Amino acid sequence: MRERARDVLKRLALCAGVSAALAVTTAGAMAQSSLPAPGPTVEAIKKRGELICGVDAGIPGFAFQDSAGKWKGFDVAYCRAIAAAVLGDPEKVKYVGLTAKVRFTVLQAGEIDVLIRDSTLTFSRDVQLGLTEVAINFYAGQGFMVRKSLGVKEASELNGATLCMVTGATLELNIADYARAKGVTINSLLFEKTEEAFAAAEAGRCDGYTDDTGSLAAARSTMKVPDDWVILSTVISKEPLGIHVRDGDERWRDVTFWVDAALKEAEESGVTKANADDLKTTSKNPFVMRLLGSEGDFGKLLGLDPEWALRAIKADGNYAEIYDAYFGPKALGLPRALNNLWTNGGLHYPLPFR
Amino acid sequence: MTERLRSWIHANLFSSRLNGFLTLVMLALLALTLPPLLRWAFLDAVYAGADRSVCGAGACWAFIDARFDQFFYGRYAPSERWRINLAALVLALFAAGAMWPRNPRRTECVILLVTLCPLIAGVLLVGGVFGLKLVPTDQWGGLTLNVVLTYATTAIALPLGVLLALGRRSRLPVVRWLSIGFIEIWRGVPLLTVLFMATVMLPMFLPDGLTLDRLVRAILGLSLFVAAYMAEVVRAGLQGISKGQYEAAAGLGLGYWRAHRLIILPQAFRLIVPGIVNTVIDLFKDTTLVSIIGLFDILGIVGQSTKDPAWLGLGREGYVFAAFVFFVCCFSLSLYSQSLERKIARSGGH
């Protein structure tokens, strides 16, 4: 009997010992995971001293070079914001201009840290190519630009019309699907280069031009008399453009995701390039305080410093400022539509900083 | 004078009823196309301005004016562009030495052109030593890039081509088979495929963390491709040497390498210079394909410049300019090759 009791005691002791050991290890592990771990990509960027950002080789609005050879554009502004958050300087970016054909392989091969190249986030790119689709920075879709004289308000009224477009299966396929669904006939006239398609539209060989909404605004501005052309509100395909990174570095995904969120949150809470520094000291809004690093340790949790988002916003401004610089009324003149914040009837809905 | 002109017109333009008719048709076509072209290119053209708001109905050469430096130097930092100019001068000096027919040390000059000259030009362009600032190759572009690619590729492909040509004519079966295999495989694939393989596939075979510079990859791909063509050009020259020359060389007691170096290759090269120049012209034009793999040669930069909202929609002017630059370069190479051919014909070469 006593022996059994001793046995039980022994077992209990063993159990307690094991639990204690377990508790210690778990605590250790927990302590470790709360330490700032910026992840291998951020470490590589810091060691290198520059962010390598894959952008479009040239597309109006998103990425292009000005006469002085400086990279500019909506996607380029995102690269600058990320560099500002990670390295503290928006100028420390090496841009790699990529064609549509090589963009994903270059990312897979590790030649670039992040791909922000008006690339649509799709199932196969996520699952098949081993990429992580971080965030959507621009909602595009296939739209239409037609002659104002046609008096057309919607694409479904384009029965019998001929549209100029660039070859590339999706544009034609989308049109064909759309026409069939609406029971109308829309003819397509195909070209290899956008310039040819514009020229043909200008020469009256077709009634309109179809392309992604981001490019339509640029197309309209190259017409001899832009006011003769109108961009229809109809959008017939979904092209959510955004940020791609490689699979395998969750910390880096977090950084890029939250830089995007920070730019949008800044617009939502009225933080701009100009007032960000002031708001950091004066704002009493807890979201702004956490965003700008005057409260909480969000930067530390990301493996960065507290002012990461402040710098990202100060690089080229908040989301609205970036959009207006390249697509606003003074630039290409593309209405924000879906690219508005959710509070203004758009789709951009930054996750809360909490 | 008028009489001679009249007879020239008669003999060359109206020698028969059909020819006369064709002349009239051509004149009518020219009358239809030339005036609008001239009006577009010159009369209505705009030559200076800050952005496309100055452009009118004619050509907008202001675009070329604003982007001129970029078309030539790419994104190479403006303060460092003298290095490109200096490298071009060095190249021109060495090339002149190698091309000048009466230079007594011409062979040495040719050898220096493919050894010392790339070294000097490379140091100048890349920098990072002797107090020169390092300029990474991703900032290289424009016509500079086309010239660098052509030159570097020729410097690698020509010696390699000579070796391959000799290998293909070798009596050692393994060497012969390998040479034939190499030549036929590289001649059998399109250049675009080679460039894609070099950019997209090569990094996947390399160990992690090791990345070859994109420009180096393009040069490697181009060199292997062009070497196969060079080999066939050189082989044609070798086959043009009569058997007696080989026998005479053997009779003098020269071994394989000395016979080729002293007797066969010098004679063969005189025959194949036009062929080599032809391949180089081809190569020069083919270098524009690198814009597909994201290197901004002159055509790539022109295409990219037309995407700047300040200059949107000026592709026509840009491509006309690029075509003009290429024509000037290729036509002068071609003139040189023709003068060589005439010289060979005069000296009664084989």
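## A buried aspartate with an odd backbone

With 24 C-beta neighbours inside 10 Å, A:Asp118 counts as buried, since 20 or more is what it takes. This is a predicted model, so read every value here as computed from predicted coordinates. A:Asp118 sits in strand E5 (residues 114-120) of chain A. Its phi is positive, at about 25°, although the residue is not a glycine. Most residues other than glycine have a negative phi.

Chain A offers another case in A:Ala337, where phi is near 45° in a residue that is, again, not glycine. Is A:Ala337 buried or partly exposed? A:Ala337 has 16 C-beta neighbours inside 10 Å, so it counts as partly exposed. As for location, look in the segment after helix H14 (319-327) of chain A.

## Chain A as a whole

Stepping back, chain A carries 14 helices and 12 strands. Of its 354 residues, 44% are buried. If you take the contacts in chain A with a separation of 6 or more, 71% of them link residues 24 or more positions apart.

## An enclosed helix

Helix H3 of chain A covers residues 74-87, which is 14 residues. From first C-alpha to last, H3(A) reaches 20 Å, close to the 20 Å expected at 1.5 Å a residue. How many of the residues of H3(A) are buried? The count is 14 of the 14, so H3(A) is largely enclosed by the rest of the structure. Just after H3(A) comes A:Gly88, with a positive phi of about 85°.

## Two helices crossing in chain A

Two packed helices are described by the angle between their axes and the distance between the axes. For helix H2 (residues 39-48) and helix H9 (residues 250-268), both of chain A, the numbers are about 70° and 5 Å. That angle makes H2(A) roughly perpendicular to H9(A), as it falls in the 65 to 115 degree band.

Which residues make the contact? H2(A) puts in A:Gly39, A:Thr41 and A:Val42, while H9(A) answers with A:Arg251, A:Trp252 and A:Val255. Sorted by class, that gives three nonpolar, two polar and one charged residues.

## A helix pair in chain B

Over in chain B, helix H7 (residues 142-168) packs on helix H8 (residues 173-188) at an angle of about 125°, and their axes are 7 Å apart. That makes H7(B) oblique to H8(B). The crossing of this pair is left-handed.

On the H7(B) side, the contact uses B:Leu164, B:Gly167 and B:Arg168. Facing them in H8(B) are B:Val175, B:Arg176, B:Leu178, B:Ser179, B:Ile180, B:Phe182 and B:Ile183. The class split for this contact is six nonpolar, two polar and two charged residues.

## Where the chains meet

The contact between the chains draws 26 residues from chain A and 23 residues from chain B. On the chain B side, helix H3 (62-73), helix H9 (191-205) and helix H13 (298-305) each supply at least two residues. Which of the helices of chain B gives the most to the side that touches chain A? That would be H9(B), with four residues.

As for chemistry, the residues on the side of chain B that touches chain A come out as 10 nonpolar, eight polar and five charged.

Key:
Residues are numbered from 1 along each chain as its sequence is written. Chains are lettered from A and ligands numbered from 1 in the order in which they are written. This is a predicted model: local features need pLDDT of at least 70, side-chain atom pairs count only at pLDDT 80 or more; totals for chains, interfaces and linings use all residues. Axes are lines fitted to C-alpha atoms, for helices over the stretch in contact, and angles run from 0 to 180 degrees between N-to-C directions. Angles under 35 degrees count as roughly parallel, over 145 as roughly antiparallel, 65 to 115 as roughly perpendicular and the rest as oblique. Two residues are in contact if their C-beta atoms, placed from the backbone, lie within 7 Å. Ala, Val, Leu, Ile, Met, Phe, Trp, Tyr, Cys and Pro count as nonpolar, Asp, Glu, Lys and Arg as charged, and the others, Gly among them, as polar. A crossing is left-handed if the near helix is turned anticlockwise from the far one by less than a right angle, and right-handed if clockwise. A residue is buried if 20 or more other C-beta atoms lie within 10 Å of its own, exposed if 12 or fewer, and partly exposed in between; C-beta atoms are placed from the backbone. The expected span of a helix is 1.5 Å times one less than its number of residues.
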